[in-house]
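Welcome! Let us take a friendly walk through this structure together, starting with the whole and then visiting a few residues.

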Amino acid sequence: MNTSSGNKMHPHGFKAKAEAEFIKAFQLSIYFATWFCALTFLASTSLDVRPIPLSLFGFALIKAALCAKFMIVGEAIFPIKINKNHGIVYSLFLASVLYLLVVVSLNYLEAGIHGLIKGKEFITSLTDFGQSNPLHVVAMSIVYWLIVWPYLLLLGFKLTIGSTATLEILFGKQPKSGK
């Protein structure tokens, strides 16, 4: 009977973990989408594009979902660890650079695969990433790092003091319902 109850708990545990990962991916996608849509809007108005094509925002949403997935892959490869003696910022700085490298690498890979799908050579498509301009890739990387850094700091707080305490610090104590 103990093994039977253990087997019942395993699928529930897997289901709960899968739901938590889905929620995390969705929240991260929304976070990135907010940034990417704002940057898309800024770029469109800076270039004085009229009317602003809504398809640009669709691409921003797709890119946000891909970057969220890449970020989750990065977290799986390099789990976040907080050294309380060094603090959150110092502990997360190296992780943020590693996540940036993972995401940029996966973006290059995505560009190569996208090129293959369109009938181009893989290596040529890799070099086309970032408009074939290394400074553009560096600029995108800096902006991406600035987007990721607050997210990682929030995760660091949640890991250090817990989700409830982090939410209370950010949004105040919520009244208890039903009492």
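The report below moves from the overall fold to one helix and then to four single residues.

## The whole protein

Please keep in mind that this is a predicted model. The protein contains 6 helices and 0 strands, and from the N terminus on its elements run α-α-α-α-α-α. With a radius of gyration of 20 Å, well over the 16 Å that the globule rule gives for 179 residues, the protein is more spread out than a compact globule. Along its principal axes, the C-alpha trace spans about 60 × 40 × 40 Å.

How much of the protein counts as buried? Of its 179 residues, 27% do. The accessible surface comes to about 12,500 Å², and 70% of that surface belongs to carbon and sulfur atoms. As for charge, the protein has 15 positive and 8 negative charges, and the mean positions of the two groups are 12 Å apart.

Contacts tell us how the chain comes together. Among contacts between residues at least 6 apart in sequence, 66% join residues at least 24 apart.

## A look along helix H2

Helix H2 covers residues 55-77. At 1.5 Å a residue, its 23 residues should span 33 Å, and its end C-alpha atoms are indeed 33 Å apart, so the expected span and the model agree. Several residues of H2 are buried, among them Phe57, Ala60, Ala64 and Cys67. Further along H2, the buried residues include Phe70, Met71, Ile72, Gly74 and Glu75.

## Four residues to visit

The table gives the relative accessibility of four residues and how each one counts.

| Residue | Relative accessibility | Counts as |
|---|---|---|
| Ser44 | 3% | buried |
| Leu92 | 0% | buried |
| Tyr108 | 27% | partly exposed |
| Ser141 | 14% | buried |

Ser44 sits in helix H1, which covers residues 2-46. Its relative accessible area is 3%, under the 20% cut-off, so Ser44 is buried. Not counting residues up to four places away in sequence, Ser44 touches Val49, Arg50, Ile52 and Leu56.

Leu92 belongs to helix H3. Which residues does Leu92 touch, not counting residues up to four places away in sequence? They are Ile80, Ile82, Trp149, Leu152, Leu153 and Gly156. Leu92 and the H2 residue Ala64 are 28 residues apart in sequence, and their C-alpha atoms are 22 Å apart in space.

Tyr108 also lies in helix H3, which covers residues 87-117. Why does Tyr108 count as partly exposed? Its relative accessibility is 27%, and partly exposed is the class between under 20% and over 50%, so Tyr108 falls there. Leaving out residues up to four places away in sequence, Tyr108 touches Leu126, Phe129 and Val137. Tyr108 and Phe70 are 38 residues apart in sequence, while 12 Å separates them in space, C-alpha to C-alpha.

Ser141 is part of helix H5, which covers residues 134-161. At 14% relative accessibility, Ser141 counts as buried. When its neighbours within four places in sequence are set aside, Ser141 is in contact with Leu100 and Val104.

Technical notes
Residues numbered from 1 in each chain as written. Predicted model: local features only at pLDDT ≥ 70, side-chain atom pairs only at ≥ 80, totals over all residues. Heavy atoms only, no water. Helix = DSSP H or I, 4+ residues; strand = E, 2+ residues; numbered from the N terminus. Expected span 1.5 Å × (residues − 1). Buried < 20%, exposed > 50% of the residue type's maximum accessible area, 1.4 Å probe, protein only. Rg over C-alpha atoms; globule rule 2.2 N^0.38 Å. Contact = heavy atoms within 4.5 Å. Areas by Shrake-Rupley, 256 points an atom, 1.4 Å probe, with all protein chains shown as cover. Lys, Arg positive; Asp, Glu negative; His and termini not counted. Charge placed at Lys NZ, Arg CZ, Asp CG, Glu CD.
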